[in-house]
Amino acid sequence: MSTKSRISQGRPSDDLVAVVTGAARGIGQAIARKLGAAGDRLVLCDVDGTALGHVADTLGPRHRYVVADVTDVRTPQRLITEAMHHYGRVDVWVNNAGILPTGKLTDQPRSLVDHTIAVNLTALCHGSQAALTTMYEQGSGHLINIASASAVKPMAGMAAYSATKAGVLALSEALRREARPHGIHVSAVLPTLIDTRLAHGIRLPCHLTPQPPTAVADAVLELLTHPTSRRYIPRWLGWLLPWTGLLPTRLLDRADDLLRTDAIGCAPLPGQRSAYEAALAGDAGGDTRPVT
């Protein structure tokens, strides 16, 4: 079955219209390139206009892009308007933009905590609302939210991030049930750490390695053909993480101590992460540097 037949009910296989946020780099760029290579038409969004323009240029003239901050409440409607004006519909909406501050919550400025919630969760709610409103009117569509494995396994040193990603997962599950009567699919992607700027300086235990952004992009394409409510990356996390909640807390704590998982977020390498963290702090205080 083609990528489109599950969404657009028999339209040509090169006729999918997809909106992707945070598309200038990392996961979002990988998703955009995979969808573009599949023949789909894209509306890309990012706060970094220079990088986003470069991505759009390399993908070709049949795609559109909007330079915007996802925390601006007007952004989702701008993306809908762009897609409807040029292509007449929205088949896929990928909420990808996100940030990852690290360190103990008590050490983080309140403005940074608020900004993390605004980017990772509030903006995603607004994007989902706009996307589903349009998809309900069409009677077809697929909303895909990029969550994180930390939604199921919250991480020390990533408290605000874990909280937002748990919210993304809960939102996705609730919206999936709301959308079922309309024939709309809603999926959440739960990757472990991905090898992007967000991962700079974060040390993983020896049993884990950062996954490439293309792993998430491949999962998005697979979801369009075989929709499921959750997709873990790597897949074995889906067999392990949901069961950890059934274990006694003392046993979980012992395992975390042995694997040193608390050091992942609490003790990153400052020399490798300082530039990204400084950009986050500046953006939370009103700086316009890109952080997604």
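This is a short talk about the sheet, two of its helices and a surface patch in one protein model.

Okay, so, before anything else: what we have here is a predicted model. Let's start with the sheet. It's an open one with 7 strands, and if you walk across it, the order goes β3-β2-β1-β4-β5-β6-β7, with parallel pairing. At the edges you've got β3, residues 64–67, and β7, residues 230–233; each has a single partner strand, so one side of each is left without a neighbour in the sheet. As for twist, neighbouring strands are turned by 15° against each other on average, ignoring direction.

Now zoom in on one pair. β1, that's residues 17–21, runs parallel to β4, residues 92–95, and 3 bridges join them. If you want a spot to click on, find Val19: opposite Val19, in β4, stands Trp93.

Next, the helices. α1, residues 26–37, lies across β1, β2, β4 and β5, and runs at about 165° to β1. Then there's α6, residues 213–225, which also packs on the sheet. Which strands does α6 touch? β4, β5, β6 and β7, and its direction makes about 155° with that of β5. So both α1 and α6 have β4 and β5 on their lists.

Last stop, the surface. Trp236, Trp239 and Leu240 form a nonpolar patch there, and together they have about 370 Å² of accessible area. Trp239 sits in helix α7, residues 236–244. Is Trp239 buried or exposed? With a relative accessible area of 65%, Trp239 counts as exposed, because the cut-off for that is over 50%.

That's my tour, thanks.

Key. Residues are numbered from 1 along each chain as its sequence is written. This is a predicted model: local features need pLDDT of at least 70, side-chain atom pairs count only at pLDDT 80 or more; totals for chains, interfaces and linings use all residues. Side-chain values use heavy atoms; hydrogens and water are left out. Two strands pair if DSSP finds at least two bridges between them. Helices (H or I, at least four residues) and strands (E, at least two) are DSSP runs, numbered from the N terminus. Axes are lines fitted to C-alpha atoms, for helices over the stretch in contact, and angles run from 0 to 180 degrees between N-to-C directions. Contact means heavy atoms within 4.5 Å. Patches are made of residues with over 30% relative accessible area and no salt bridge: like charges are joined within 9 Å, nonpolar side chains (Val, Leu, Ile, Met, Phe, Trp, Tyr) within 5 Å. Accessible areas come from the Shrake-Rupley method with a 1.4 Å probe; for residues, only the protein chains shown count as cover. A salt bridge is a side-chain nitrogen of Lys or Arg within 4 Å of a carboxyl oxygen of Asp or Glu. Buried means under 20% relative accessible area, exposed over 50%, partly exposed in between (1.4 Å probe, protein chains only).
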